[in-house]
Amino acid sequence: MDQRVRHFEDLERLTESVTLVAQRVKSLKERGYTLKHDSNENLKMALKQLEEQKRIVLEGENFRKKLHNTIMELKGNIRVFCRVRPWLADEDEAPAVSYPTAIESLGRGIVLLQNGQNHHFTFDRVFHHEASQEDVFVEISELVESALDGYKVCIFAYGQRGSGKTYTMMGRPDAPEQKGLIPRSLEQIFQTSQSLEAKGWTYRMQVSMLEIYNEEIRDLLSTRGADLARTAHEKQYTIHHDADGNAHVSGLTIVDVSSINQASFLLQQAAHSRSVGKTDMNEQSSRSHFVCTLRISGENENTKQEVKGVLNLIDLAGSERLSRTGATGERLKETQAINKSLLSLSCVMSALANKEDHVPFRNSKLTYLLQPCLGGECKTLMLVNVAQDSSSIGETCCSLRFASTVHMCEGIPRRQMTMKNKQPCLV
Ligand code: ADP
Ligand code: MG
(Lines give C-alpha, C1' and ligand atoms only; values in the text may rest on other atoms or scores of the structure.)
(Ligands and ions follow the chains in the order given, each with its own letter.)
Protein backbone atom coordinates (compact mmCIF):
# COMPACT_ATOMS: atom_id res chain seq x y z
CA MET A 1 0.00 0.00 0.00
CA ASP A 2 2.88 2.35 0.88
CA GLN A 3 4.34 1.68 -2.55
CA ARG A 4 1.07 2.58 -4.24
CA VAL A 5 0.79 5.75 -2.18
CA ARG A 6 4.33 6.73 -3.25
CA HIS A 7 3.51 5.91 -6.87
CA PHE A 8 0.42 8.08 -6.69
CA GLU A 9 2.42 10.92 -5.15
CA ASP A 10 5.04 10.63 -7.94
CA LEU A 11 2.28 10.85 -10.50
CA GLU A 12 0.82 13.92 -8.82
CA ARG A 13 4.26 15.60 -8.83
CA LEU A 14 4.83 14.69 -12.48
CA THR A 15 1.42 16.07 -13.43
CA GLU A 16 2.27 19.34 -11.67
CA SER A 17 5.63 19.58 -13.51
CA VAL A 18 4.10 18.83 -16.90
CA THR A 19 1.32 21.37 -16.28
CA LEU A 20 3.96 23.99 -15.40
CA VAL A 21 5.94 23.24 -18.55
CA ALA A 22 2.73 23.48 -20.61
CA GLN A 23 1.96 26.89 -19.10
CA ARG A 24 5.53 28.08 -19.81
CA VAL A 25 5.29 26.89 -23.43
CA LYS A 26 1.98 28.69 -23.80
CA SER A 27 3.33 31.97 -22.45
CA LEU A 28 6.46 31.71 -24.66
CA LYS A 29 4.20 31.19 -27.68
CA GLU A 30 2.14 34.22 -26.67
CA ARG A 31 5.35 36.27 -26.55
CA GLY A 32 6.07 35.33 -30.17
CA TYR A 33 8.49 32.46 -29.76
CA THR A 34 8.16 29.54 -32.13
CA LEU A 35 9.01 26.01 -31.14
CA LYS A 36 10.91 23.54 -33.29
CA HIS A 37 8.48 20.69 -32.54
CA ASP A 38 4.89 20.97 -31.59
CA SER A 39 5.65 20.50 -27.88
CA ASN A 40 2.11 21.36 -26.88
CA GLU A 41 0.83 18.18 -28.45
CA ASN A 42 3.52 16.13 -26.70
CA LEU A 43 2.69 17.75 -23.40
CA LYS A 44 -1.03 17.15 -23.84
CA MET A 45 -0.26 13.53 -24.51
CA ALA A 46 1.96 13.28 -21.43
CA LEU A 47 -0.81 14.77 -19.28
CA LYS A 48 -3.31 12.31 -20.71
CA GLN A 49 -0.99 9.41 -19.95
CA LEU A 50 -0.49 10.65 -16.41
CA GLU A 51 -4.23 10.92 -15.85
CA GLU A 52 -4.57 7.38 -17.13
CA GLN A 53 -1.86 6.18 -14.74
CA LYS A 54 -3.64 7.86 -11.83
CA ARG A 55 -6.88 6.21 -12.83
CA ILE A 56 -5.13 2.81 -12.83
CA VAL A 57 -3.71 3.44 -9.34
CA LEU A 58 -7.16 4.41 -8.02
CA GLU A 59 -8.69 1.36 -9.64
CA GLY A 60 -5.99 -0.71 -7.97
CA GLU A 61 -6.90 0.82 -4.63
CA ASN A 62 -10.59 0.01 -5.10
CA PHE A 63 -9.60 -3.50 -6.08
CA ARG A 64 -7.47 -3.80 -2.92
CA LYS A 65 -10.49 -2.77 -0.83
CA LYS A 66 -12.67 -5.33 -2.55
CA LEU A 67 -10.08 -8.09 -2.07
CA HIS A 68 -9.57 -7.09 1.54
CA ASN A 69 -13.30 -7.31 2.19
CA THR A 70 -13.62 -10.60 0.35
CA ILE A 71 -10.85 -12.04 2.50
CA MET A 72 -12.60 -10.75 5.61
CA GLU A 73 -15.91 -12.21 4.44
CA LEU A 74 -14.32 -15.56 3.70
CA LYS A 75 -12.87 -15.54 7.17
CA GLY A 76 -16.44 -14.99 8.34
CA ASN A 77 -18.32 -11.94 9.53
CA ILE A 78 -18.51 -13.40 13.01
CA ARG A 79 -15.15 -14.66 14.16
CA VAL A 80 -14.11 -16.14 17.47
CA PHE A 81 -10.64 -16.04 18.98
CA CYS A 82 -9.55 -17.49 22.29
CA ARG A 83 -6.72 -16.23 24.50
CA VAL A 84 -5.29 -18.09 27.47
CA ARG A 85 -3.95 -15.98 30.32
CA PRO A 86 -0.49 -16.81 31.73
CA TRP A 87 -0.08 -17.96 35.32
CA LEU A 88 -0.42 -15.31 37.99
CA ALA A 89 2.08 -15.31 40.87
CA ASP A 90 -0.33 -16.82 43.42
CA GLU A 91 -1.80 -19.57 41.22
CA ASP A 92 -1.04 -23.24 41.65
CA GLU A 93 0.42 -24.44 38.41
CA ALA A 94 -1.91 -27.34 37.74
CA PRO A 95 -2.83 -26.71 34.11
CA ALA A 96 -6.28 -27.64 32.92
CA VAL A 97 -5.57 -26.47 29.39
CA SER A 98 -3.43 -27.88 26.57
CA TYR A 99 -3.04 -27.23 22.86
CA PRO A 100 -3.41 -29.92 20.20
CA THR A 101 -0.45 -30.30 17.86
CA ALA A 102 -2.27 -31.92 14.93
CA ILE A 103 -1.80 -29.86 11.77
CA GLU A 104 -5.50 -29.18 11.20
CA SER A 105 -6.02 -27.62 14.63
CA LEU A 106 -2.59 -26.05 15.09
CA GLY A 107 -3.08 -22.53 16.43
CA ARG A 108 -6.85 -23.06 16.41
CA GLY A 109 -7.48 -25.76 18.96
CA ILE A 110 -7.63 -25.90 22.74
CA VAL A 111 -8.22 -28.91 25.02
CA LEU A 112 -9.75 -28.63 28.47
CA LEU A 113 -9.19 -31.41 30.99
CA GLN A 114 -12.19 -31.68 33.31
CA ASN A 115 -12.89 -34.60 35.67
CA GLY A 116 -10.47 -36.77 33.73
CA GLN A 117 -12.18 -36.01 30.42
CA ASN A 118 -10.72 -34.05 27.54
CA HIS A 119 -12.99 -31.47 25.87
CA HIS A 120 -11.79 -30.30 22.46
CA PHE A 121 -12.67 -26.85 21.11
CA THR A 122 -11.72 -25.21 17.83
CA PHE A 123 -11.87 -21.50 17.05
CA ASP A 124 -10.65 -19.21 14.30
CA ARG A 125 -7.53 -18.66 16.35
CA VAL A 126 -6.24 -19.71 19.76
CA PHE A 127 -3.52 -17.65 21.46
CA HIS A 128 -1.64 -19.67 24.03
CA HIS A 129 -0.52 -18.17 27.32
CA GLU A 130 2.77 -16.89 25.94
CA ALA A 131 1.24 -14.86 23.09
CA SER A 132 2.09 -11.17 23.31
CA GLN A 133 -0.23 -8.20 22.90
CA GLU A 134 1.35 -7.63 19.48
CA ASP A 135 0.66 -11.26 18.43
CA VAL A 136 -3.03 -10.74 19.18
CA PHE A 137 -3.19 -7.33 17.55
CA VAL A 138 -1.63 -8.56 14.29
CA GLU A 139 -4.59 -10.92 13.91
CA ILE A 140 -7.22 -8.24 14.41
CA SER A 141 -5.56 -5.34 12.61
CA GLU A 142 -7.23 -6.11 9.25
CA LEU A 143 -10.59 -6.09 10.94
CA VAL A 144 -9.82 -2.73 12.53
CA GLU A 145 -8.87 -1.34 9.11
CA SER A 146 -12.26 -2.36 7.72
CA ALA A 147 -13.74 0.51 9.74
CA LEU A 148 -11.79 2.94 7.53
CA ASP A 149 -13.33 1.27 4.49
CA GLY A 150 -16.79 2.07 5.87
CA TYR A 151 -17.62 -1.09 7.80
CA LYS A 152 -19.20 -1.37 11.21
CA VAL A 153 -16.93 -3.41 13.42
CA CYS A 154 -17.40 -4.81 16.94
CA ILE A 155 -14.63 -6.44 18.94
CA PHE A 156 -15.62 -7.95 22.31
CA ALA A 157 -13.55 -9.41 25.10
CA TYR A 158 -15.59 -12.05 26.91
CA GLY A 159 -14.70 -14.25 29.88
CA GLN A 160 -14.85 -14.75 33.62
CA ARG A 161 -13.50 -12.15 36.03
CA GLY A 162 -9.70 -12.24 36.12
CA SER A 163 -9.32 -14.05 32.79
CA GLY A 164 -7.48 -11.14 31.10
CA LYS A 165 -10.18 -9.13 29.29
CA THR A 166 -9.06 -5.71 30.50
CA TYR A 167 -5.41 -6.66 30.01
CA THR A 168 -6.20 -7.71 26.42
CA MET A 169 -8.31 -4.66 25.59
CA MET A 170 -6.55 -1.89 27.53
CA GLY A 171 -3.25 -3.48 28.57
CA ARG A 172 -0.85 -1.72 30.87
CA PRO A 173 -0.44 1.93 29.89
CA ASP A 174 3.03 2.21 31.45
CA ALA A 175 4.69 -0.44 29.23
CA PRO A 176 4.43 0.09 25.43
CA GLU A 177 4.75 -3.61 24.58
CA GLN A 178 1.87 -4.33 26.95
CA LYS A 179 -0.50 -1.84 25.36
CA GLY A 180 -3.84 -3.45 24.67
CA LEU A 181 -6.00 -3.78 21.59
CA ILE A 182 -7.90 -0.52 22.14
CA PRO A 183 -4.88 1.83 22.13
CA ARG A 184 -3.24 -0.20 19.34
CA SER A 185 -6.40 -0.05 17.20
CA LEU A 186 -6.74 3.70 17.67
CA GLU A 187 -3.06 4.13 16.71
CA GLN A 188 -3.53 2.08 13.58
CA ILE A 189 -6.65 3.96 12.53
CA PHE A 190 -4.87 7.30 12.80
CA GLN A 191 -1.73 6.03 11.05
CA THR A 192 -3.61 4.47 8.15
CA SER A 193 -5.94 7.44 7.76
CA GLN A 194 -2.88 9.69 7.46
CA SER A 195 -1.31 7.53 4.76
CA LEU A 196 -4.62 7.58 2.87
CA GLU A 197 -4.56 11.39 2.80
CA ALA A 198 -2.09 11.19 -0.10
CA LYS A 199 -4.84 9.51 -2.09
CA GLY A 200 -7.31 12.28 -1.45
CA TRP A 201 -9.02 10.91 1.67
CA THR A 202 -9.91 13.14 4.59
CA TYR A 203 -11.42 11.65 7.71
CA ARG A 204 -13.44 12.95 10.60
CA MET A 205 -13.21 10.88 13.80
CA GLN A 206 -15.51 11.05 16.79
CA VAL A 207 -15.06 9.19 20.03
CA SER A 208 -17.47 8.28 22.81
CA MET A 209 -16.87 6.05 25.79
CA LEU A 210 -19.45 4.65 28.14
CA GLU A 211 -20.04 1.85 30.56
CA ILE A 212 -23.17 -0.12 31.25
CA TYR A 213 -23.54 -1.02 34.90
CA ASN A 214 -26.65 -2.77 36.21
CA GLU A 215 -28.39 -1.95 32.90
CA GLU A 216 -27.64 1.77 33.32
CA ILE A 217 -25.45 3.82 31.03
CA ARG A 218 -22.65 5.99 32.41
CA ASP A 219 -20.88 8.59 30.32
CA LEU A 220 -17.14 8.18 30.88
CA LEU A 221 -16.19 11.35 28.99
CA SER A 222 -18.53 13.67 30.79
CA THR A 223 -16.81 17.06 30.97
CA ARG A 224 -18.28 17.67 34.38
CA GLY A 225 -15.53 15.48 35.77
CA ALA A 226 -15.08 12.08 37.21
CA ASP A 227 -17.40 12.81 40.13
CA LEU A 228 -20.26 12.80 37.71
CA ALA A 229 -19.55 9.26 36.70
CA ARG A 230 -20.47 8.22 40.22
CA THR A 231 -23.87 9.86 40.10
CA ALA A 232 -24.44 9.55 36.39
CA HIS A 233 -27.01 6.83 36.86
CA GLU A 234 -29.33 9.54 38.14
CA LYS A 235 -29.28 11.01 34.66
CA GLN A 236 -31.19 8.89 32.19
CA TYR A 237 -29.25 8.13 29.05
CA THR A 238 -31.63 6.74 26.48
CA ILE A 239 -30.72 4.86 23.32
CA HIS A 240 -32.52 5.57 20.07
CA HIS A 241 -31.88 4.58 16.46
CA ASP A 242 -32.00 7.13 13.64
CA ALA A 243 -33.38 6.68 10.12
CA ASP A 244 -29.92 5.63 8.85
CA GLY A 245 -29.85 2.85 11.41
CA ASN A 246 -27.26 4.43 13.70
CA ALA A 247 -27.60 4.23 17.46
CA HIS A 248 -27.45 7.41 19.54
CA VAL A 249 -27.40 7.87 23.27
CA SER A 250 -29.10 11.08 24.34
CA GLY A 251 -26.83 13.41 26.28
CA LEU A 252 -23.71 11.29 25.75
CA THR A 253 -20.43 13.18 25.26
CA ILE A 254 -19.06 12.78 21.73
CA VAL A 255 -15.62 14.26 21.12
CA ASP A 256 -14.05 15.12 17.75
CA VAL A 257 -10.50 13.77 17.67
CA SER A 258 -7.82 14.56 15.13
CA SER A 259 -4.77 12.85 16.59
CA ILE A 260 -3.79 9.71 18.43
CA ASN A 261 -2.62 11.83 21.38
CA GLN A 262 -6.12 13.24 21.81
CA ALA A 263 -7.67 9.79 21.55
CA SER A 264 -5.18 8.34 24.08
CA PHE A 265 -5.94 11.16 26.48
CA LEU A 266 -9.68 10.40 26.28
CA LEU A 267 -9.01 6.72 26.83
CA GLN A 268 -7.10 7.54 30.00
CA GLN A 269 -9.89 9.85 31.11
CA ALA A 270 -12.44 7.08 30.56
CA ALA A 271 -10.29 4.53 32.41
CA HIS A 272 -10.05 6.98 35.31
CA SER A 273 -13.80 7.70 35.34
CA ARG A 274 -14.45 4.00 35.23
CA SER A 275 -12.41 3.28 38.31
CA VAL A 276 -13.71 6.00 40.63
CA GLY A 277 -16.71 5.40 42.85
CA LYS A 278 -15.58 2.06 44.19
CA THR A 279 -12.53 1.34 46.26
CA ASP A 280 -11.37 -1.70 44.36
CA MET A 281 -10.62 -0.78 40.75
CA ASN A 282 -10.64 -4.27 39.28
CA GLU A 283 -13.74 -5.16 41.25
CA GLN A 284 -15.63 -2.23 39.79
CA SER A 285 -14.42 -2.46 36.21
CA SER A 286 -15.14 -6.19 36.12
CA ARG A 287 -18.81 -5.58 36.84
CA SER A 288 -19.61 -3.24 33.97
CA HIS A 289 -19.40 -3.38 30.19
CA PHE A 290 -16.99 -0.81 28.77
CA VAL A 291 -17.76 0.41 25.25
CA CYS A 292 -15.32 2.58 23.30
CA THR A 293 -16.86 3.80 20.03
CA LEU A 294 -15.00 5.48 17.19
CA ARG A 295 -17.15 6.91 14.39
CA ILE A 296 -15.28 7.47 11.16
CA SER A 297 -16.50 9.57 8.21
CA GLY A 298 -14.24 9.71 5.19
CA GLU A 299 -14.41 11.64 1.92
CA ASN A 300 -12.23 11.32 -1.14
CA GLU A 301 -11.91 14.51 -3.13
CA ASN A 302 -10.47 12.67 -6.14
CA THR A 303 -13.02 9.93 -6.45
CA LYS A 304 -15.93 11.66 -4.66
CA GLN A 305 -16.38 8.54 -2.56
CA GLU A 306 -17.77 8.75 0.96
CA VAL A 307 -17.51 6.18 3.73
CA LYS A 308 -18.95 5.93 7.20
CA GLY A 309 -17.47 3.32 9.49
CA VAL A 310 -17.83 2.52 13.18
CA LEU A 311 -15.38 0.72 15.42
CA ASN A 312 -16.69 -0.57 18.74
CA LEU A 313 -14.15 -1.96 21.19
CA ILE A 314 -15.76 -3.63 24.19
CA ASP A 315 -14.47 -4.97 27.47
CA LEU A 316 -17.42 -6.97 28.77
CA ALA A 317 -18.28 -7.49 32.42
CA GLY A 318 -16.96 -10.76 33.81
CA SER A 319 -19.25 -13.72 33.43
CA GLU A 320 -19.92 -15.46 36.71
CA ARG A 321 -21.99 -18.37 37.82
CA LEU A 322 -24.24 -17.52 40.73
CA SER A 323 -23.56 -20.90 42.33
CA ARG A 324 -19.86 -20.10 42.53
CA THR A 325 -20.10 -16.56 43.87
CA GLY A 326 -22.80 -17.21 46.46
CA ALA A 327 -23.69 -13.53 46.04
CA THR A 328 -26.47 -11.82 47.98
CA GLY A 329 -28.04 -8.31 48.11
CA GLU A 330 -26.44 -5.67 45.83
CA ARG A 331 -23.90 -8.16 44.53
CA LEU A 332 -26.62 -10.61 43.56
CA LYS A 333 -28.40 -7.84 41.63
CA GLU A 334 -25.16 -6.99 39.84
CA THR A 335 -24.45 -10.60 38.95
CA GLN A 336 -27.99 -11.09 37.67
CA ALA A 337 -27.75 -7.92 35.55
CA ILE A 338 -24.41 -9.07 34.09
CA ASN A 339 -25.67 -12.55 33.34
CA LYS A 340 -28.88 -11.22 31.82
CA SER A 341 -27.04 -8.92 29.43
CA LEU A 342 -24.43 -11.54 28.54
CA LEU A 343 -27.17 -14.05 27.89
CA SER A 344 -28.92 -11.48 25.67
CA LEU A 345 -25.67 -10.99 23.80
CA SER A 346 -25.27 -14.72 23.28
CA CYS A 347 -28.89 -15.03 22.09
CA VAL A 348 -28.34 -12.16 19.65
CA MET A 349 -25.12 -13.67 18.32
CA SER A 350 -26.73 -17.09 17.89
CA ALA A 351 -29.80 -15.61 16.17
CA LEU A 352 -27.58 -13.59 13.83
CA ALA A 353 -25.30 -16.48 13.03
CA ASN A 354 -28.30 -18.74 12.36
CA LYS A 355 -29.85 -15.97 10.23
CA GLU A 356 -33.06 -16.10 12.26
CA ASP A 357 -35.91 -13.72 11.42
CA HIS A 358 -36.16 -12.31 14.91
CA VAL A 359 -33.03 -11.11 16.66
CA PRO A 360 -33.73 -10.09 20.29
CA PHE A 361 -31.67 -6.87 20.30
CA ARG A 362 -34.04 -5.09 22.67
CA ASN A 363 -33.49 -7.52 25.53
CA SER A 364 -30.52 -5.58 26.94
CA LYS A 365 -29.00 -2.08 26.74
CA LEU A 366 -25.77 -3.50 25.36
CA THR A 367 -27.35 -5.32 22.43
CA TYR A 368 -29.76 -2.47 21.69
CA LEU A 369 -26.85 -0.02 21.64
CA LEU A 370 -24.80 -2.26 19.36
CA GLN A 371 -27.70 -3.35 17.13
CA PRO A 372 -26.53 -1.35 14.06
CA CYS A 373 -23.05 -2.83 14.40
CA LEU A 374 -24.07 -6.48 14.72
CA GLY A 375 -25.17 -8.74 11.89
CA GLY A 376 -25.67 -8.05 8.21
CA GLU A 377 -22.55 -6.62 6.64
CA CYS A 378 -21.07 -5.79 10.04
CA LYS A 379 -17.97 -7.54 11.26
CA THR A 380 -17.83 -9.02 14.72
CA LEU A 381 -14.99 -10.59 16.63
CA MET A 382 -15.48 -12.26 19.95
CA LEU A 383 -12.30 -12.76 21.92
CA VAL A 384 -12.80 -15.30 24.66
CA ASN A 385 -10.36 -14.96 27.52
CA VAL A 386 -9.73 -17.94 29.78
CA ALA A 387 -7.50 -18.80 32.71
CA GLN A 388 -5.61 -22.08 32.58
CA ASP A 389 -5.71 -23.17 36.22
CA SER A 390 -7.80 -26.07 37.35
CA SER A 391 -9.68 -24.02 39.98
CA SER A 392 -11.31 -21.94 37.20
CA ILE A 393 -12.24 -24.95 35.14
CA GLY A 394 -16.03 -24.60 35.52
CA GLU A 395 -15.99 -21.00 34.25
CA THR A 396 -13.44 -21.80 31.55
CA CYS A 397 -15.64 -24.59 30.27
CA CYS A 398 -18.70 -22.29 30.25
CA SER A 399 -16.80 -19.59 28.36
CA LEU A 400 -15.47 -22.04 25.77
CA ARG A 401 -18.90 -23.61 25.26
CA PHE A 402 -20.48 -20.22 24.76
CA ALA A 403 -17.74 -19.28 22.29
CA SER A 404 -18.24 -22.56 20.46
CA THR A 405 -21.94 -21.89 20.13
CA VAL A 406 -21.16 -18.62 18.40
CA HIS A 407 -18.37 -20.13 16.32
CA MET A 408 -20.28 -23.16 15.12
CA CYS A 409 -23.46 -21.30 14.23
CA GLU A 410 -21.68 -19.31 11.53
CA GLY A 411 -23.28 -19.33 8.09
CA ILE A 412 -19.90 -19.89 6.39
CA PRO A 413 -19.00 -23.57 5.83
CA ARG A 414 -16.58 -24.76 8.47
CA ARG A 415 -15.22 -28.01 9.70
CA GLN A 416 -18.08 -29.33 11.83
CA MET A 417 -17.58 -30.39 15.39
CA THR A 418 -20.29 -31.79 17.59
CA MET A 419 -20.73 -30.71 21.16
CA LYS A 420 -22.69 -32.29 23.88
CA ASN A 421 -24.04 -29.08 25.29
CA LYS A 422 -24.72 -26.43 22.68
CA GLN A 423 -26.48 -24.10 25.08
CA PRO A 424 -24.66 -21.09 26.43
CA CYS A 425 -24.30 -21.72 30.15
CA LEU A 426 -24.30 -18.25 31.61
CA VAL A 427 -26.98 -18.53 34.25
P1 ADP B 1 -10.46 -9.29 33.67
O2 ADP B 1 -10.53 -7.95 33.03
O3 ADP B 1 -10.90 -10.39 32.75
O4 ADP B 1 -11.18 -9.34 34.99
P5 ADP B 1 -7.67 -8.68 33.98
O6 ADP B 1 -7.38 -8.21 32.60
O7 ADP B 1 -7.84 -7.64 35.01
O8 ADP B 1 -8.92 -9.64 33.98
O9 ADP B 1 -6.52 -9.71 34.34
C10 ADP B 1 -6.34 -10.24 35.66
C11 ADP B 1 -4.85 -10.17 36.01
O12 ADP B 1 -4.08 -10.95 35.11
C13 ADP B 1 -4.30 -8.76 35.93
O14 ADP B 1 -3.37 -8.58 36.94
C15 ADP B 1 -3.60 -8.74 34.58
O16 ADP B 1 -2.56 -7.80 34.54
C17 ADP B 1 -3.09 -10.17 34.44
N18 ADP B 1 -3.05 -10.62 33.04
C19 ADP B 1 -4.10 -10.96 32.28
N20 ADP B 1 -3.73 -11.36 31.05
C21 ADP B 1 -2.39 -11.26 31.03
C22 ADP B 1 -1.38 -11.53 30.04
N23 ADP B 1 -1.71 -11.98 28.82
N24 ADP B 1 -0.09 -11.32 30.36
C25 ADP B 1 0.24 -10.86 31.59
N26 ADP B 1 -0.65 -10.60 32.56
C27 ADP B 1 -1.94 -10.79 32.30
MG1 MG C 1 -11.61 -6.31 33.70
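These are my notebook entries on two residues, one ligand and one helix in a predicted model.

**Entry 1: M169**

I started with M169 and asked which helix holds it. M169 is found in helix α4, which covers residues 165-169. Next I checked its surface: is M169 buried or exposed? Its relative accessibility is 0%, so M169 counts as buried. The cut-off for buried is under 20%.

Then I looked up what M169 touches. I left aside the neighbours within four places in sequence. M169 is in contact with I155 and A157. It also contacts G180, L181, I182 and P183. L313, I314 and D315 complete the list of contacts for M169. I also took one distance, from M169 to Q133. The two are 36 residues apart in sequence. In space their C-alpha atoms are 9.2 Å apart.

**Entry 2: ligand 1**

I stayed with α4 and turned to the ligand. How many residues surround ligand 1? I found 15, and the closest are G162, K165, T166, Y167 and R172. α4 gives the largest share of this shell, with three residues. I sorted the shell by class as well. Seven of its residues are polar, five are charged and three are nonpolar.

Backbone atoms came next. A backbone N or O atom of G162 lies 2.7 Å from an oxygen atom of ligand 1. For S163, a polar backbone atom is 3.2 Å from an oxygen atom of the ligand. For G164, the distance from a polar backbone atom to a ligand oxygen is 3.1 Å. I then noted how much of the ligand is covered. Ligand 1 taken alone exposes 560 Å², and the protein buries 81% of that.

**Entry 3: α10 and H358**

I moved along the chain to α10, residues 329-353. α10 has 25 residues. From its first C-alpha to its last it reaches 36 Å. That is close to the 36 Å expected at 1.5 Å a residue. K355 follows α10, and its phi is positive, near 55 degrees.

Where is H358 placed? I found H358 in the loop between α10 and α11, the latter being residues 365-370. I asked the surface question again: is H358 buried or exposed? H358 has a relative accessible area of 60%, so it is exposed. The cut-off for exposed is over 50%. Last, I took the distance from H358 to V348, ten residues away along the chain. Their C-alpha atoms are separated by 9.1 Å.

**Entry 4: recap**

I set the two residues side by side. M169 is buried at 0%, whereas H358 is exposed at 60%. M169 sits in a helix, and H358 sits in a loop.

Conventions: Residues numbered from 1 in each chain as written. Chains lettered and ligands numbered in written order. Predicted model: local features only at pLDDT ≥ 70, side-chain atom pairs only at ≥ 80, totals over all residues. Heavy atoms only, no water. Helix = DSSP H or I, 4+ residues; strand = E, 2+ residues; numbered from the N terminus. Buried < 20%, exposed > 50% of the residue type's maximum accessible area, 1.4 Å probe, protein only. Contact = heavy atoms within 4.5 Å. Near = heavy atom within 4 Å. Polar contact = N/O pair within 3.5 Å; in protein donor to acceptor, adjacent residues only side chain to side chain. Areas by Shrake-Rupley, 256 points an atom, 1.4 Å probe, with all protein chains shown as cover. Nonpolar A, V, L, I, M, F, W, Y, C, P; charged D, E, K, R; others polar. Expected span 1.5 Å × (residues − 1).
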